[in-house]
Amino acid sequence: MIPLSSSSSAISSGLTWSKIPQSRDYELKLNGEAVGTLRRPRWFSTSFQAETQDGQWTFRRSGCLGSGAQILDSSSQQQIATFKSKWGSGGTLTFADGQTFQLSCKGWWRPIWSVIGENGQPVLHLHRREKIVEVPPGVAVPSSRLPLLIMFTWYRVLQAEEDAASAAMVVAVIG
C-alpha cells in the first residue's frame, strides 16, 4: 500500500472505492493505487477489519439494536473511538482523546456522506453512488486520522445499506 497523506493535493480528486472481485471486500485507491482495504472476516460477522499504512482497526456494532459502533486498534483491541448514531442518519464519532466528528448523510437515498470537524468545517465528503471521496483543501486533521475517518465512513455506508436491505426483507415478508 502507498501512504495516504492529507497534505497531498491529489487526495481531493483521486480517492475511489472499489469492490475487490470475487469477495465482499473493498479497496480504497488513490489515483489507482491501493491505500487501504475494508474486509469482513466472516460472512455473518458484524465486524469489519480496516487497514491502511497508518494502522489496522476493527469496526464493530454496538449500542441499542447495533445502531452505534466502536473502533478498536486491531492488535491491542483497545478502544480508539465510539460512534453514537442519531435517529434518521448520521451521528457523532468521539475519539478517546476527546476529538469529535459529526457524520451526516444528505441527498436522495443518502448519496453523500460528510464528516464535519469540531470547527464546523467539512473534513471529507464520500459520494456513495460514485464511490469517490473528496477531501477539501486545507483540512485540519492529523494525517494519521484522515485514513481512519475515510475507512470508518465507508463502513457506515455499508452498514446503512445492510440495514436498509434487512428492513426491505422484513417488509416483503410481512407485507
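Which residues form one aromatic cluster? Phe 48, Phe 59, Phe 83, Phe 152 and Tyr 155 do so. The model described here is predicted. Its protein chain holds two helices and 12 strands, arranged along the sequence as α-β-β-β-β-β-β-β-β-β-β-β-β-α. The points below pass from the overall fold to the strands β1 to β3, the core, the aromatic pairs and the salt bridges.

**Overall fold**

- The protein chain has 175 residues, of which 40% count as buried.
- Among contacts with a separation of 6 or more, 35% are made by residues 24 or more positions apart.
- The exposed area of the protein chain is about 9400 Å², and carbon and sulfur atoms supply 55% of it.

**Strands β1, β2 and β3**

- Strands β1 and β2 are paired in the antiparallel sense through five bridges; Ser 18 has Glu 27 of β2 as its bridge partner.
- These two strands form a hairpin with six residues between them, and Gln 22 in the turn has a positive phi of about 65°.
- Strands β2 and β3 also run antiparallel, joined by five bridges; the bridge partner of Lys 29 in β3 is Ala 34.
- The hairpin of β2 and β3 has two residues between the strands, and Asn 31 in its turn shows a positive phi of about 50°.
- In a regular strand, side chains alternate between the two faces of the sheet.
- Strand β2 shows such alternation: Tyr 26, Leu 28 and Leu 30 point to one face and are buried, whereas Glu 27 and Lys 29 point to the other and are not.

**Nonpolar core and contacts with helix α2**

- The largest nonpolar core comprises 39 residues, and those with the most contacts inside it are Trp 17, Leu 38, Phe 59, Leu 93 and Leu 124.
- Helix α2 contributes the largest share of this core, with 10 residues.
- Beyond its neighbours within four places in sequence, Leu 93 is in contact with several residues, including Ile 71, Ala 81, Phe 83, Phe 101, Leu 103, Leu 149 and Phe 152.
- Arg 156 is located in helix α2 and is buried, at a relative accessible area of 10%.
- Not counting residues up to four places away in sequence, Arg 156 touches Ser 67, Gly 68, Phe 83, Ser 85, Leu 103 and Trp 113.

**Aromatic pairs**

- The count of aromatic pairs comes to eight.
- One of them joins Tyr 26 and Trp 154, whose ring centres are 5.5 Å apart with planes at 70°; the pair is edge-to-face because its angle is over 60 degrees.
- Tyr 26 belongs to strand β2 and Trp 154 to helix α2, so this pair ties together parts that are 128 residues apart in sequence.
- Both Tyr 26 and Trp 154 are buried.
- Phe 59 and Phe 152 form another edge-to-face pair, at 5.4 Å centre to centre and 85° between the planes.
- Phe 59 lies in strand β5 (residues 55–62) and Phe 152 in helix α2, so the pair connects parts that are 93 residues apart in sequence.
- Both Phe 59 and Phe 152 are buried.

**Salt bridges**

- The model contains three salt bridges.
- Asp 25 forms a salt bridge with Arg 39, and the closest N and O atoms are 3.5 Å apart.
- Asp 25 lies in the loop between β1 (15–19) and β2 (26–30), and Arg 39 in strand β3 (residues 33–39), so this salt bridge ties together parts that are 14 residues apart in sequence.
- Asp 25 is buried, with a relative accessible area of 15%, whereas Arg 39 is partly exposed at 36%.
- Lys 29 forms a salt bridge with Glu 27, with the closest N and O atoms 3.8 Å apart.
- Lys 29 counts as partly exposed at 24% relative accessibility, and Glu 27 is partly exposed at 22%.
- Asp 97 forms a salt bridge with Arg 145, and the closest N and O atoms are 3.2 Å apart.
- This pair links distant parts of the chain, 48 residues apart: Asp 97 is in the loop between β8 (91–95) and β9 (100–106), and Arg 145 is in helix α2 (residues 145–174).
- Asp 97 is exposed, with a relative accessible area of 55%, while Arg 145 is buried at 16%.

Definitions and conventions. Residues are numbered from 1 along each chain as its sequence is written. This is a predicted model: local features need pLDDT of at least 70, side-chain atom pairs count only at pLDDT 80 or more; totals for chains, interfaces and linings use all residues. Side-chain values use heavy atoms; hydrogens and water are left out. A salt bridge is a side-chain nitrogen of Lys or Arg within 4 Å of a carboxyl oxygen of Asp or Glu. Helices (H or I, at least four residues) and strands (E, at least two) are DSSP runs, numbered from the N terminus. Buried means under 20% relative accessible area, exposed over 50%, partly exposed in between (1.4 Å probe, protein chains only). Two strands pair if DSSP finds at least two bridges between them. Contact means heavy atoms within 4.5 Å. Accessible areas come from the Shrake-Rupley method with a 1.4 Å probe; for residues, only the protein chains shown count as cover. A nonpolar core is a set of buried Ala, Val, Leu, Ile, Met, Phe, Trp, Tyr and Cys residues joined through side-chain atoms within 4.5 Å. Rings of Phe, Tyr and Trp (its six-membered ring) pair if their centres lie within 6.5 Å; planes under 30 degrees apart count as stacked, over 60 as edge-to-face and the rest as tilted.
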